[in-house]
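Student: I would like a close look at one single part of this model, with the reasoning spelled out slowly. Please explain each term when it first comes up, and then follow the part outwards into its surroundings.

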Amino acid sequence: MTRQELSTPGALRARALDAARILLEERGAEGLHLRVLAERIGSGVASLYYHFADKDALLAALAIHGWGELTGKIERAIGSDKAPSPIDAASAALLAFIRRHPQLYGLMQRSHAAPEVRLAERKTFALFRSALDGDPRAPSERTEEIAMVFWVLGRGIASAVQTEPDPADAERLIDQVLSGFAFLLSPRLEG
């Protein structure tokens, strides 16, 4: 990027969000401050206030960006043939995102004050839910409920993964949850 491109408002916002995400993973939401962020990207605090009214606005922007990233990962997973079914692919993408970005996912769940964050989550959930369409394991009249169960379960998994110090144990937890979820969707439970 040229110096002029780096000085455009959109470029500053993008740089700020990239740096804020790194700070979020390093320090958590509590350790993310606009002054620290300004120092990190070599900008004045006033320039950041042009893009983010306050820390809450910055956190909301990060959460919205996170939902967008997760949506893209779910879309790509559903479109691939790496999983036995679209819901398996969507579930694996969700859990991989939670595992790789625990602080960001936690923030995405905590940003309740901003309606635009909840809207971004609803869009991601709608895509996730659509992965159940046509799945013979899920009766069409129950797809919303099944998707919601897994979505809420994902929040619990995120909490467990965030507190798990051993990545191998976190992987086992995710594998167990996916296996259990597949069992719950299996035809053996009908009747």
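Tutor: Let us begin with a definition: an angle under 35 degrees counts as roughly parallel, one over 145 as roughly antiparallel, one from 65 to 115 as roughly perpendicular, and the rest as oblique. Such angles run from 0 to 180 degrees between N-to-C directions, and the axes are lines fitted to C-alpha atoms, for helices over the stretch in contact. The model is a predicted one, in which local features need pLDDT of at least 70 and side-chain atom pairs count only at pLDDT 80 or more, while totals for chains, interfaces and linings use all residues. Residues are numbered from 1 along each chain as its sequence is written, and side-chain values use heavy atoms, with hydrogens and water left out.

The part to study is the meeting of helix 6, residues 86-100, with helix 7, residues 102-110, whose axes lie 5 Å apart and make an angle of about 110°. Helix 6 and helix 7 are therefore roughly perpendicular to each other. The helix 6 side of this meeting consists of Leu94, Phe97, Ile98, Arg99 and Arg100, and the helix 7 side of Pro102, Leu104, Tyr105 and Met108, where contact means heavy atoms within 4.5 Å. Sorted by class, the contact has seven nonpolar residues, two charged residues and no polar ones; here Ala, Val, Leu, Ile, Met, Phe, Trp, Tyr, Cys and Pro are nonpolar, Asp, Glu, Lys and Arg are charged, and the others, Gly among them, are polar.

It helps to place these two helices in the whole chain, which has ten helices and zero strands, where helices (H or I, at least four residues) and strands (E, at least two) are DSSP runs numbered from the N terminus. Read from the N terminus on, the elements run α-α-α-α-α-α-α-α-α-α. Of the contacts in the chain with a separation of 6 or more, 63% join residues 24 or more positions apart, and Tyr105 lets us look at such partners in detail. Leaving aside neighbours within four places in sequence, Tyr105 is in contact with Leu94, Phe97 and Ile98, and also with Trp67, Leu70, Gly154, Arg155 and Ala158. Tyr105 is also one of the residues with the most contacts inside the largest nonpolar core, together with Leu37 and Phe128, and this core has 57 residues. Its largest share, ten residues, comes from helix 5, residues 55-79. Such a core is a set of buried Ala, Val, Leu, Ile, Met, Phe, Trp, Tyr and Cys residues joined through side-chain atoms within 4.5 Å.

From Tyr105 we can step across to Trp67, which is found in helix 5. Along the chain Trp67 and Tyr105 are 38 residues apart, yet their C-alpha atoms are separated by 8.6 Å. Trp67 counts as buried because its relative accessibility is 0%, and buried means under 20% relative accessible area, exposed over 50% and partly exposed in between, with a 1.4 Å probe and protein chains only. Buried residues make up 45% of the 191 residues in the chain. Apart from neighbours within four places in sequence, Trp67 is in contact with Tyr105 and Met108, and further with Gln109, Val117, Arg118, Ala120, Glu121, Thr124 and Trp151.

Several of these partners lead into helix 8, residues 115-130, whose axis comes within 9 Å of that of helix 5 and crosses it at roughly 10°. Helix 5 and helix 8 are therefore roughly parallel to each other. Among the residues that meet there are Trp67, Leu70 and Ile74 in helix 5, and Val117, Thr124 and Phe128 in helix 8. This contact divides into eleven nonpolar, two polar and four charged residues. Helix 8 also holds Phe125, which is buried because its relative accessible area is 10%. Phe125 touches Glu144, Ala147, Met148 and Trp151, not counting residues up to four places away in sequence.

Returning to helix 6, we find Ser91 there, and Ser91 counts as buried because its relative accessibility is 1%. Ser91 and Ala147 are 56 residues apart in sequence, with 9.7 Å from C-alpha to C-alpha. On the helix 7 side, Leu104 is in contact with Arg21, a residue of helix 2, residues 9-27. Arg21 counts as buried, because its relative accessibility is 16%, and its other contacts beyond four places in sequence are Leu62, His65, Glu69 and His101. Arg27 also lies in helix 2, but it is partly exposed, because its relative accessible area is 42%. The C-alpha atoms of Arg27 and Gln103 are separated by 8.9 Å, although the two residues are 76 residues apart along the chain.
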